[in-house]
Amino acid sequence: MGMFTKVLIANRGEIAARVIRTCKRLGIASVAVYSDADRFTPPVLMADEAVRLGPAPAAESYLNADAIVEACRATGAQAVHPGYGFLSENPEFAERLEAAGIAFIGPTGAQMRSFGLKHTARELAQKIGVPLLPGSGLIDDTTAAAKAAEAIGYPVILKSTAGGGGIGMQVCRSPEELAVKFESVQRLARNNFGDGRLYLEKYVARARHIEVQIFGDGAGTVLALGERDCSLQRRHQKVIEETPAPGLSDATRSALHQAAIALGRSVNYRSAGTVEFVYDAETAQFYFLEVNTRLQVEHPVTEMVTGIDLVEWMLAQAAGTLTLPRQQDIRTSGAAIEARLYAEDAAKDFRPTAGLLTKVAFPPDIRTDTWIETGTEVSPHYDPMLAKLIVHASTRDAAIDALGHAIATSEVWGIETNLAYLGRIIDDKVFRDAIMTTGTLGALIFQPRTIDVLAPGVQSSLQDWPGRLGYWAVGVPPSGPMDDRSFRLANRVLGNAE
């Protein structure tokens with residue numbers, strides 16, 4: 001079998017743009033699918049063909065398997081890249097495509113099932129000797145939960161076996177807290193995943209989130225392509241990711257890689273996947289967490305240090321044209337860090353924002369994976385991620401400095417974003433000293449320099465210096481300070497830019 005001539009990307013946003021760019025480089029025609037809300041976004045306009053799936057809600061568009069299969073038939077697409085989220089880890093979708101003679105660019109349905117439910121993935125890890133946190137099997141009620149928690153020892157963390165993205169996870173520090181939270185976690189799990197089954201794990205107070213990128217050929221060969229530290233999370237959602245993970249001994253790093261490879265080999269894993277671990281910063285021990293049977297959002301940092309295009313590998317593996325190198329031939333160079341730019345308002349508890357982007361400009365000397373440009377309308381219907389700013393340098397310190405400069409010189413206007421918050425994170429001593437844990441951002445103090453107009457009136461005035469210059473000489477004047485010197489002095493007193 002040769003490489004595909006036409007690939008459909010069953011996703012949206014920056015991952016759709018990312019796959020389309022790789023297809024163009026390889027001379028493969030691309031098909032974008034879109035909801036009504038995404039009709040005029042850059043990825044849709046960038047693709048060779050575009051097919052409407054349905055209205056804005058994901059259930060009627062990006063989760064509509066019937067519409068995606070029909071789009072493949074209508075365009076002659078030979079394969080589907082699922083990206084991440086939506087149907088990317090849905091075994092029934094993968095098998096339906098295969099049955100229709102359309103290649104699914106990812107693992108098999110059986111491999112997704114093996115790792116898709118966390119309690120079965122734990123059983124598989126235990127069977128091959130990968131370290132596990134003390135935990136329970138599936139729990140049906142509060143009585144069983146209390147008994148299991150007593151055996152494990154408090155604090156424990158209550159999890160959904162079908163969960164993802166940190167949804168519904170709750171730390172319980174006492175029997176009373178467990179009893180109160182059990183029902184709400186169960187309800188969240190049912191509503192979000194259609195599966196209310198729960199289990200318990202020991203909670204690690206000073207935890208780091210370390211994950212290993214793997215890639216398999218489906219015939220028994222599985223490679224480890226380095227590890228990433230994704231500890232900087234807010235409400236279990238990753239914000240900053242980097243590779244290599246700082247502060248690990250060579251022995252620990254090697255053991256992490258070998259554990260991930262063993263898990264992949266146990267199911268003859270094919271395509272890209274990520275094995276996630278909890279690393280106890282106090283004991284320097286690691287424990288298996290879960291396997292993500294798809295490409296991860298943070299895959300670019302791995303690409304930057306290895307020189308490997310993971311999307312190209314995925315395409316070639318699915319087409320049957322990939323020959324993997326030997327593990328000893330995988331080389332890494334320097335350090336890479338990624339920051340996720342979200343459409344969210346830090347002054348309002350990071351509530352997602354939406355609206356028209358009046359200016360978008362990113363520095364040209366870094367890698368920016370994005371789906372936005374000046375004039376893009378950000379919809380309230382989807383994940384708020386706008387872009388990923390990715391830097392690569394010879395050392396971690398140099399990479400942090402490069403990321404700081406990239407954040408300071410990026411411009412995204414029209415709606416609130418977390419750009420200033422990202423700058424605050426990388427300036428923080430805890431991050432610079434590489435002693436962050438998954439709880440670091442929860443304790444980070446950030447005061448956004450914004451003004452919220454609660455009730456505007458005809459005499460309200462918000463001014464900035466030097467104002468909007470070069471617009472017109474007559475009529476309504478451009479806005480600007482009435483007294484530019486006093487205005488700048490006041491800003492200096494407040495610690496603002498002049």
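This is a guided tour of a predicted model, with selections to make one after another.

**Stop 1: helices H3 and H4**

Select residues 65–75, which form helix H3, and residues 91–99, which form helix H4. The two helices pack at an angle of about 30°, and their axes are 11 Å apart. Angles under 35 degrees count as roughly parallel, so H3 is roughly parallel to H4. The crossing of H3 over H4 is right-handed.

Now show the side chains at the contact. On the H3 side, pick Ala65, Asp66, Ile68 and Val69; they meet Phe93, Arg96 and Leu97 of H4. Sorted by class, this contact has 5 nonpolar residues, no polar ones and 2 charged ones.

**Stop 2: helix H6 and what covers it**

Go to residues 118–127, helix H6. Which residues of this helix are buried? They are Lys118, His119, Ala121, Arg122, Leu124 and Ala125. To see what covers them, add helix H5 (109–116), strand E6, strand E8 (198–202), helix H9 (250–265) and strand E13, which are among the covering elements. Then click on glycine 129, which follows H6 and has a positive phi, near 85°.

**Stop 3: helices H7 and H8**

Select helix H7, residues 142–152, and helix H8, residues 175–193. Here the packing angle is about 135°, and the axes are 10 Å apart. That angle makes H7 oblique to H8. H7 passes H8 in a right-handed crossing.

The residues to display are Thr142, Ala145, Ala146 and Ala149 from H7, and Leu178, Ala179 and Phe182 from H8. Of the residues in this contact, 6 are nonpolar, 1 is polar and none is charged.

**Stop 4: alanine 189 and serine 160**

Stay on helix H8 and pick alanine 189. Is alanine 189 buried or exposed? Its relative accessible area is 2%, so alanine 189 is buried. Leaving aside neighbours within four places in sequence, alanine 189 is in contact with Ser160, Gly194, Asp195, Gly196 and Leu198. For a distance to try in the viewer, take the C-alpha atoms of alanine 189 and isoleucine 261: they are separated by 30 Å, and the two residues are 72 residues apart along the chain.

Next, move to one of those contacts, serine 160. Serine 160 is in strand E6, residues 156–160. With a relative accessible area of 3%, serine 160 is also buried. Residues up to four places away in sequence are again not counted; serine 160 then touches Lys118, Ala189, Phe193, Asp195, Arg197, Leu198 and Tyr199. Lys118 was on the list of buried residues in H6.

**Stop 5: aromatic pairs**

Show the aromatic rings next. How many aromatic pairs does a search of the whole structure find? The search finds 9. A pair of aromatic rings is described by the distance of the centres and the angle of the planes.

Begin with phenylalanine 215 and tryptophan 313. Their ring centres are 5.3 Å apart and their planes are at 80°, so this pair is edge-to-face. The pair links distant parts of the chain: phenylalanine 215 is in strand E9 (residues 207–217) and tryptophan 313 is in helix H11 (residues 310–319), 98 residues apart. Phenylalanine 215 counts as buried because its relative accessibility is 0%. Tryptophan 313, at 14%, counts as buried too.

Then select phenylalanine 277 and phenylalanine 288. This aromatic pair is edge-to-face as well, with 6.5 Å from centre to centre and 80° between the planes. Phenylalanine 277 is in strand E12 (residues 270–280) and phenylalanine 288 is in strand E13 (residues 285–292), 11 residues apart. Phenylalanine 277 is buried, at 0% relative accessible area. Phenylalanine 288 is likewise buried, at 0%.

Finish this stop with Tyr62, Phe86 and Tyr382, which ring pairs link into a cluster.

**Stop 6: isoleucine 366**

The last selection is isoleucine 366, in the loop between strand E18 (359–361) and strand E19 (367–370). Its relative accessibility is 16%, so isoleucine 366 counts as buried. Apart from neighbours within four places in sequence, its contacts are Leu389, Ile390, Val391 and Ala406. Isoleucine 366 and glycine 109 are 257 residues apart in sequence and 36 Å apart in space, C-alpha to C-alpha.

Technical notes
Residues are numbered from 1 along each chain as its sequence is written. This is a predicted model: local features need pLDDT of at least 70, side-chain atom pairs count only at pLDDT 80 or more; totals for chains, interfaces and linings use all residues. Side-chain values use heavy atoms; hydrogens and water are left out. Axes are lines fitted to C-alpha atoms, for helices over the stretch in contact, and angles run from 0 to 180 degrees between N-to-C directions. Helices (H or I, at least four residues) and strands (E, at least two) are DSSP runs, numbered from the N terminus. Angles under 35 degrees count as roughly parallel, over 145 as roughly antiparallel, 65 to 115 as roughly perpendicular and the rest as oblique. A crossing is left-handed if the near helix is turned anticlockwise from the far one by less than a right angle, and right-handed if clockwise. Contact means heavy atoms within 4.5 Å. Ala, Val, Leu, Ile, Met, Phe, Trp, Tyr, Cys and Pro count as nonpolar, Asp, Glu, Lys and Arg as charged, and the others, Gly among them, as polar. Rings of Phe, Tyr and Trp (its six-membered ring) pair if their centres lie within 6.5 Å; planes under 30 degrees apart count as stacked, over 60 as edge-to-face and the rest as tilted. Buried means under 20% relative accessible area, exposed over 50%, partly exposed in between (1.4 Å probe, protein chains only).
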